[in-house]
Amino acid sequence: MAPSDLAAEIPLSTERLRLAVTGLGGIAGALVVPMLSSWLGLLMQLLEGDRGGLGPRPRLSGLSALKALMLTVLLAFIAVNWQKAAGELRQMQAEAPILGSTLAGFGVGLVFWAVYALAISSLRADFERARLSRRIGGLLR
């Protein structure tokens, strides 16, 4: 028997499917803001590249385009798996509360992303302040 045959034969419990729906909602919540911001960043690069001037036109960043594309593919993968888990949960339990657990997971994912973004922003500001302080030679307040 192949390992994929074993995985297909083992049914998931209702509680594990409920946790999967909530977890996938949380992952989607943590990915949706970075994905949207990367696409908006690409749009801003396109709009700023259209400005007039004598200098060369700046090109789109390939790395930011790849980041936006990969985040979109990852979010689509999570959404498809969420749909599968929600469908299986509804087959096992007719009136399964999918929307509430998904929104709760989505909200927790957004909160985790916000805390992460604030921490990274604070660390970057501290790093810049320390670098500027070393350049000037004194402590900045």
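I78 touches L24, I27, A28 and L31 when residues up to four places away in sequence are set aside, a contact being heavy atoms within 4.5 Å. These contacts offer a friendly way into the structure, which is a predicted model in which local features need pLDDT of at least 70 and side-chain atom pairs count only at pLDDT 80 or more, while totals for chains, interfaces and linings use all residues. Residues are numbered from 1 along each chain as its sequence is written, and side-chain values use heavy atoms, with hydrogens and water left out.

The overall fold can be introduced next. The protein has 4 helices and 0 strands, where helices (H or I, at least four residues) and strands (E, at least two) are DSSP runs numbered from the N terminus. Along the sequence, the pattern reads α-α-α-α. Of the contacts with a separation of 6 or more, 73% join residues that are 24 or more positions apart. Buried residues account for 20% of the 141 residues; buried means under 20% relative accessible area, exposed over 50%, and partly exposed in between (1.4 Å probe, protein chains only). The accessible surface amounts to about 10,600 Å², and carbon and sulfur atoms hold 68% of that area. Accessible areas come from the Shrake-Rupley method with a 1.4 Å probe, and for residues only the protein chains shown count as cover.

Helix α3 is a good place to continue. This helix covers residues 62-92, and its 31 residues should span 45 Å at 1.5 Å a residue; the end C-alpha atoms are 45 Å apart, which agrees. The expected span is 1.5 Å times one less than the number of residues in the helix. Buried positions in α3 are A68, L71, L75, I78, A85, A86 and L89. These buried residues pack against α2 (14-48) and α4 (98-136).

Several of these names return in the interior of the protein. The largest nonpolar core contains 14 residues, and those with the most contacts inside it are V21, L31, L75, I78, A85, L89 and I98. Such a core is a set of buried Ala, Val, Leu, Ile, Met, Phe, Trp, Tyr and Cys residues joined through side-chain atoms within 4.5 Å. Two or more residues of this core are given by each of α2 and α3, and α2 supplies the largest share, 7 residues.

Two residues of α2 show how this helix meets other parts of the chain. L31 belongs to helix α2 and counts as buried because its relative accessible area is 13%. Beyond its neighbours within four places in sequence, L31 contacts L71, L74, L75 and I78. L31 and L75 lie 44 residues apart in sequence, yet their C-alpha atoms are 6.5 Å apart in space. S38 is likewise found in helix α2, and with a relative accessible area of 9% S38 is therefore buried. Outside its neighbours within four places in sequence, S38 is in contact with K67, A68 and L71.

Attention can now turn to the surface. L40, L43, M44, L46, L47 and L60 make a nonpolar surface patch of about 580 Å², and one of them, L46, sits in helix α2. Patches are made of residues with over 30% relative accessible area and no salt bridge; like charges are joined within 9 Å, and nonpolar side chains (Val, Leu, Ile, Met, Phe, Trp, Tyr) within 5 Å.

The whole structure holds 3 salt bridges, each defined as a side-chain nitrogen of Lys or Arg within 4 Å of a carboxyl oxygen of Asp or Glu. In one of them, E15 pairs with R18, and the closest N and O atoms are 3.6 Å apart. Both residues lie in helix α2, 3 residues apart, about one turn of the helix. E15 is partly exposed at a relative accessible area of 45%, and R18 is partly exposed at 24%.

Helix α4 also carries salt bridges. D126 bridges to R129 with the closest N and O atoms 2.9 Å apart; because the two are 3 residues apart in helix α4, about one helical turn separates them. D126 has a relative accessible area of 39% and is thus partly exposed, as is R129 with 43%. E128 and R131 also meet through their side chains in a salt bridge, at 2.8 Å from N to O. This pair lies in helix α4, 3 residues apart, about one turn of the helix. E128 is partly exposed at 38% relative accessible area, and R131 is partly exposed at 34% relative accessibility.
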